Amino acid sequence: MPHDIVFSEQANELADIAREIADKHVRPLAAKYDKAQEYNHEAAKAVAEAGLFKTFVPKEYGGHGAGVLALARVTEELARADSGFGVAFAVNALGSFPIILGGTEEQKQEWLPQIARGEKFVAFCLSEKFAGSDAQGLSVTAVEDGDEYVICGEKKWTTNGGVADFYSVFCVTDPTSKSRRISAIVVEKGTPGFEVKKVEDKMGIRCVPVVETHFDNVRVPKANLIGGRPGMGFKHAMMTLDYARPGVAAQAMGAAQGALDLANVYANRRKQFGAPISSHQMVQQMLADMAIETTAARWLVYSAAAQIDGQGPGPEASKVAAMAKCYASDVAVKVATDAVQVFGGYGFMEDYPIAKFFRDAKILQIYEGTNQVQRLVIARHLIREAADLAHLGEYIPEESQLTYGPAEEAEVVANHNTPT
Ligand code: CAA
């Protein structure tokens, strides 16, 4: 059953603060950091000082414990100004969820308060060169040696890499096991042998670094094994993605709203045929569709987030998170594309802010699980749910039982006998 969407006073306050920071520190600098492909430290500092990193951290560990819905609201506001900064914020939740959902009490006590205070940033190292959608096909290894694990290999597409202080790294700890092959281990920046090697040159979200992380015999204490029990890594990764995907969906929905806002302002200003283009019906139709789809995405995202807050991890969380991520990111790409169309030739030029929205949107359909993976996850759930709907089968005749009724039989005979 869907959960009621209830915005707590705290969630509203956090969203208001995020909007103020977005207006003051994010939007005015978005083009600069996009061009330079540099991190917006000033905005991140403002986010930390305002306590927004506390949003997703439980109260017991110094956070607000405001939940996934509040996380979505904050991410939406930041992404509305700059989608790249939206993920620069939300990826800290992605990197923290393995600890929040799977960590031991001691691990939570040690790491989460520093994250909540915004003193330490986090990254999530799952993907590798040859393991993207196939998240079980990892090759980075962590081998036990006394009280330590020794990690070797390379991770790809680590968002926030270099900026982050803690890295939740998914490693193979038991190559012989099928279902308990992987474990998640926290690696701290500065650990000998751990290096950021390639900083990617990207089409969009250029203000947040995406890097390769290399592990050359990196020694970490066994105490850094998330949950304290090896083999739980794949489950922790999947649960984490269920909790984090509404954040990407919120980033997408914020980005769609940001693109729509700009297209709306421009359509009212730009004159063609002696009138603002917003008075032309074909432009009106585009703006109206953009608004409908963005609003539909918004409520799907809020509903998924409320469901996860209400019910916790499980199959329903997995399904609704995938739905929200998939739909909202498809909407963001369509709305950003249409926004460029409203800007016409100027939309294609980097002099105008809308080209960036277009470039930033595409990754939303790819990271934190491609939209093909989201549809696969949703379809798997639907197929399982079909068992509970078995009673409807009596209304669906078996093909082998189909026979002509008397009326149709008479008609067939009559047609057959009609001379041509
Ligand atoms: N919660 C808990 N456990 C889960 C789960 C979930 N949501 N989904 C699966 N599991 C468990 C299963 O129950 C099963 O457990 P047992 O072995 O005990 O039976 C085990 O995990 C394996 O499950 P599956 O057989 O379903 O696994 P699969 O290999 O078929 O999974 C997949 C396929 C769904 C495509 C999965 O690999 C996947 O989600 N891939 C996408 C990975 C991804 O999203 N990567 C994004 C990287 S992060 C990123 O992009 C961040 C960034 O830069 C910002």
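A polar contact is a pair of N or O atoms within 3.5 Å. I wrote that down before turning to the ligand, where I looked up Arg380: an N or O atom in the side chain of Arg380 is 2.8 Å from an oxygen atom of the ligand. The protein covers 73% of the 1100 Å² of accessible area that the ligand has on its own. I also noted that this is a predicted model.

**Entry 1: the chain as a whole**

I began with the overall extent. The C-alpha trace spans about 90 × 65 × 40 Å along its principal axes. I found 12 helices and nine strands in the chain. The chain has 420 residues, and buried residues make up 52% of them.

**Entry 2: around the ligand**

Which residues come nearest to the ligand? I found 26 residues around the ligand, and those that come nearest are Ser133, Thr159, Asp242, Glu368 and Arg380. Next I checked where the ligand sits, and the space taken by the ligand is the largest pocket.

I then asked which elements supply the shell. Strand E3 (148-159), helix H7 (233-269) and helix H11 (371-385) each supply at least two residues of the shell around the ligand. H7 gives the largest share, which is seven residues.

Arg380 is not alone in having an N or O atom by a ligand oxygen, as two backbones also appear in my notes. For Glu368, a backbone N or O atom lies 2.8 Å from an oxygen atom of the ligand. For Ala135, a backbone N or O atom lies 3.5 Å from an oxygen atom of the ligand.

**Entry 3: Glu368 again, and Phe273**

I went back to Glu368 to look at its backbone. Glu368 is found in the loop between helix H10 (354-361) and H11. Is Glu368 buried or exposed? Glu368 counts as buried, because its relative accessibility is 15% and the cut-off for buried is under 20%. Phi of Glu368 is near 50°, a positive value in a residue other than glycine. I marked this value because most residues other than glycine have a negative phi.

Phe273 also went on my list. Phi of Phe273 is near 55°, again positive in a residue other than glycine. Phe273 has its place in the loop between strand E8 (271-272) and strand E9 (275-276). With a relative accessible area of 82%, Phe273 is exposed, whereas Glu368 is buried.

**Entry 4: cysteines**

How many disulfides are there? The count comes to zero. I looked at Cys152, which is in no disulfide; the nearest cysteine sulfur, that of Cys171, is 9.8 Å away. A disulfide needs two cysteine sulfur atoms within 2.5 Å, so this pair does not qualify.

I then turned to Cys171 itself. The closest cysteine sulfur to that of Cys171 is in Cys125, at 8.8 Å, which is too far for a bond. On exposure, Cys152 is partly exposed, with a relative accessible area of 25%. Cys171 is buried, at 0%.

**Entry 5: Ser183**

I found Ser183 in strand E5 (residues 182-188). Its relative accessible area is 1%, so Ser183 is buried. Which side chain does the side chain of Ser183 meet in a polar contact? It is the side chain of Thr173, and the contact is 2.6 Å.

**Entry 6: pairs apart in sequence**

Last, I looked up three pairs and compared the count of residues along the chain with the C-alpha distance.

Phe121 is in the loop between helix H6 (105-116) and strand E1 (122-125). Phe121 counts as buried, at 11% relative accessibility. From Phe121 to Leu241 there are 120 residues in sequence, and their C-alpha atoms are 18 Å apart in space.

Met203 is in the loop between strand E6 (194-199) and strand E7 (210-221). Met203 counts as exposed, at 55% relative accessibility. Met203 and Ala30 are 173 residues apart in sequence, with 15 Å between their C-alpha atoms.

Tyr327 is found in helix H9 (residues 315-343). Is Tyr327 buried, exposed or partly exposed? Tyr327 is partly exposed, since its relative accessible area is 34%, and partly exposed is the range between under 20% and over 50%. Tyr327 and Glu293 are 34 residues apart along the chain, and 9.4 Å separates their C-alpha atoms.

Terms used:
Residues numbered from 1 in each chain as written. Predicted model: local features only at pLDDT ≥ 70, side-chain atom pairs only at ≥ 80, totals over all residues. Heavy atoms only, no water. Buried < 20%, exposed > 50% of the residue type's maximum accessible area, 1.4 Å probe, protein only. Near = heavy atom within 4 Å. Polar contact = N/O pair within 3.5 Å; in protein donor to acceptor, adjacent residues only side chain to side chain. Areas by Shrake-Rupley, 256 points an atom, 1.4 Å probe, with all protein chains shown as cover. 1 Å grid on protein atoms, 1.4 Å probe; cavity = no way out; pocket = protein on both sides within 12 Å on 5 of 7 lines; lining within 4 Å. Sits in = over half its atoms within 2 Å of the grid points. Helix = DSSP H or I, 4+ residues; strand = E, 2+ residues; numbered from the N terminus.
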